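Me: Please take a close look at one part of this model and work outward from there. Keep the cut-offs visible as you go, since I'd like to check things myself.

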Amino acid sequence: MADYTEGLANANRFETGIITAGQPTAAQLEAAQAQGVKTVINLRPDGEMQEFDEAALVKKSGMNYVHIPVAGPDDINDANARLLDEALVPGARPALVHCASANRVGALIAYRARFIQHKNDHESMGLGIIAGLDPDGTLVEAVAQKIG
């Protein structure tokens with residue numbers, strides 16, 4: 001069986017048991033479940049995704065579904081970083097964390113690294129970029145201001 005991350009936009013094995021990525025297809029989610037993924041964390045806000053009912057598909061397959069809506073910089077905050085951290089406990093892994101492109105995933109990972117995991121600002125930004133934060137995008141500036 002092919003690895004479900006093949007063809008998954010901006011997929012990255014971020015750390016043990018955590019894959020960060022852009023939006024998976026229904027087939028990729030089904031393959032993820034078959035390959036042992038326990039939790040899918042969706043950072044896309046309601047109304048942004050119309051392709052299929054991700055929550056229903058994930059729940060039907062037996063995986064945990066966590067929805068943390070992140071529309072932009074205002075949603076990169078303490079509350080959402082805590083929700084992400086709680087969703088990534090070792091018992092919930094392997095986990096797939098996604099938004100549309102992985103940019104918001106990286107932003108929230110950077111914020112989590114700085115304020116939940118107490119890493120320095122440089123390391124936090126580096127982790128965010130590894131997780132998908134676009135170093136040339138506009139969100140990176142907002143994140144740098146928040147954690148700097």
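Reply: Starting at a loop

His 118 counts as exposed because its relative accessible area is 64%, where exposed means over 50%, buried under 20% and partly exposed in between (1.4 Å probe, protein chains only). One caveat up front: this is a predicted model, so local features need pLDDT of at least 70 and side-chain atom pairs count only at pLDDT 80 or more, while totals for chains, interfaces and linings use all residues. Residues are numbered from 1 along each chain as its sequence is written, and side-chain values use heavy atoms, with hydrogens and water left out.

His 118 sits in the loop between H4 and H5; helices here are DSSP runs of H or I with at least four residues, strands are E runs of at least two, and both are numbered from the N terminus. His 118 also has a positive phi of about 60° without being a glycine. Most residues other than glycine have a negative phi, and most peptide bonds are trans. Ala 102 is another non-glycine with a positive phi, near 90°, and this one is found in the loop between S5 and H4. Unlike the exposed His 118, Ala 102 counts as buried because its relative accessibility is 0%.

Now for H4 itself, which runs from 103 to 115. Two packed helices are described by the angle between their axes and the distance between the axes. For H4 and H6, the axes come within 10 Å and cross at roughly 10° (axes are lines fitted to C-alpha atoms, for helices over the stretch in contact, with angles from 0 to 180 degrees between N-to-C directions). H4 is therefore roughly parallel to H6, the label for angles under 35 degrees (over 145 is roughly antiparallel, 65 to 115 roughly perpendicular, the rest oblique). On the H4 side, the contact (heavy atoms within 4.5 Å) is made by Asn 103, Arg 104, Ala 107, Ala 110, Tyr 111, Arg 114 and Phe 115. H6 brings Leu 139, Val 143, Lys 146 and Ile 147. By class, that makes seven nonpolar, one polar and three charged residues (Ala, Val, Leu, Ile, Met, Phe, Trp, Tyr, Cys and Pro count as nonpolar, Asp, Glu, Lys and Arg as charged, the others, Gly among them, as polar).

H4 also matters for the bookkeeping of the largest nonpolar core, which has 29 residues. A core in this sense is a set of buried Ala, Val, Leu, Ile, Met, Phe, Trp, Tyr and Cys residues joined through side-chain atoms within 4.5 Å. H4 gives the largest share, seven residues, while H3 (78-87), S5 (95-98), H5 (121-131) and H6 (139-147) also supply at least two each. Ile 41, Leu 43, Leu 84, Val 97 and Val 143 have the most contacts inside this core. Take Leu 43: leaving aside residues up to four places away in sequence, its partners include Val 97, Arg 104, Val 105 and Leu 108. Another core, of 14 residues, lies apart from it, with Ala 21, Val 37, Ala 55 and Val 58 among its members.

What about charges on H4? Side chains of opposite charge can pair when their charged atoms come close. The whole structure holds six salt bridges, each being a side-chain nitrogen of Lys or Arg within 4 Å of a carboxyl oxygen of Asp or Glu. One of these joins Arg 104 to Glu 48, at 2.6 Å from N to O. Arg 104 is in H4 and Glu 48 in the loop between S3 (39-42) and H2 (54-60), so this pair ties together parts 56 residues apart in sequence. Arg 104 counts as buried at 11% relative accessibility, whereas Glu 48 is partly exposed at 30%.

Further along H4, Arg 112 pairs with Asp 85, the closest N and O atoms being 2.9 Å apart. Asp 85 belongs to H3, so here the tied parts are 27 residues apart in sequence. Asp 85 is partly exposed at 25%, but Arg 112 is buried at 2%. As for Arg 104 and Glu 48, shared partners join them with Arg 44 and Glu 51 into one salt-bridge network.
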